[in-house]
Amino acid sequence: PAERNGLAAGDEIIMINGISLARLDIEQLVQLLTMARQQAVQLQLRRTGTAGLLPLTMVPAEMQSPSV
């Protein structure tokens, strides 16, 4: 799902819904990521070779895992 929404290997997530991840403690980060699994979120990404931050909207999706 992340790749389909435009997230690429090596991208660094800087903000989620306007909240800087650098300012969060681990409990706040877990709470924010839990929220992101339940509803669409706005990300700000840093991508190598790109000037400035890139905006990206992520919509949660169920992943199908093959049965073994």
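## A walk around the sheet

Start with I16 and find I19 in β2, which is its bridge partner. What you have open is a predicted model, so local features need pLDDT of at least 70 and side-chain atom pairs count only at pLDDT 80 or more, while totals for chains, interfaces and linings use all residues. Residues are numbered from 1 along each chain as its sequence is written, and side-chain values use heavy atoms, with hydrogens and water left out.

**The hairpin**

Stay where you are and select M15, which stands opposite S20 in β2. In total, 2 bridges join β1 to β2 (residues 19–20), and these two strands run antiparallel. For the bookkeeping: helices (H or I, at least four residues) and strands (E, at least two) are DSSP runs, numbered from the N terminus. Two strands pair if DSSP finds at least two bridges between them.

Now click on the turn. β1 and β2 make a hairpin with 2 residues between them. N17 sits in that turn with a positive phi of about 50 degrees.

**Out across the sheet**

Next, select residues 12–16 and 41–46 together. These are β1 and β3, which pair in the antiparallel sense over 4 bridges. To see one facing pair, pick I13 and then L45 in β3, which stands opposite.

Which order do the strands take across the sheet? Colour them one by one and you should read β2-β1-β3-β4, in an open sheet of 4 strands with antiparallel pairing. β2 and β4 (54–58) stand at the edges with a single partner strand each, so one side of each has no neighbour in the sheet. While you have the strands coloured, a general point: in a regular strand the side chains alternate between the two faces of the sheet.

Zoom out for the whole chain. There are 1 helix and 4 strands, and from the N terminus on the elements run β-β-α-β-β.

**The edge strand β4**

Go to T57, which lies in strand β4. Is T57 buried or exposed? Neither, quite: T57 is partly exposed, with a relative accessible area of 36%. The cut-offs are under 20% for buried, over 50% for exposed and partly exposed in between (1.4 Å probe, protein chains only).

Show what surrounds T57. Leaving aside neighbours within four places in sequence, T57 is in contact (heavy atoms within 4.5 Å) with N5, V41 and Q42. With Q42 there is also a polar contact of 2.9 Å between the side chains. That term means a pair of N or O atoms within 3.5 Å; within protein, one must be able to donate a hydrogen and the other to accept it, and residues adjacent in sequence count only if both atoms are side-chain atoms.

Then draw a C-alpha to C-alpha distance from T57 back to N17: 9.4 Å in space, for residues 40 apart in sequence.

**D11 and its company**

Jump to D11, in the segment before β1. D11 is buried, at 16% relative accessible area. Apart from residues up to four places away in sequence, D11 touches G6, L45, R46 and R47.

Turn on the polar atoms here. A polar atom of the D11 side chain lies 2.8 Å from the backbone nitrogen of A8. What does R47 form with D11? A salt bridge, with the closest N and O atoms 2.7 Å apart. R47 lies in the loop between β3 and β4 and D11 in the segment before β1, so the pair ties together parts that are 36 residues apart in sequence. R47 itself counts as partly exposed, at 26% relative accessibility.

By definition, a salt bridge has a side-chain nitrogen of Lys or Arg within 4 Å of a carboxyl oxygen of Asp or Glu. The structure holds 2 of them. For the other stop, select E12 and R46, whose side chains meet in a salt bridge at 3.4 Å, N to O. E12 lies in β1 and R46 in β3, so this pair ties together parts that are 34 residues apart in sequence. E12 is partly exposed at 39%, and R46 is partly exposed at 42%.

**Surface on**

Finish with the full surface. The chain exposes about 5,400 Å², of which carbon and sulfur atoms supply 54%; accessible areas come from the Shrake-Rupley method with a 1.4 Å probe, and for residues only the protein chains shown count as cover. Of the 68 residues, 16% count as buried. In a contact map, among contacts between residues at least 6 apart in sequence, 51% join residues at least 24 apart.
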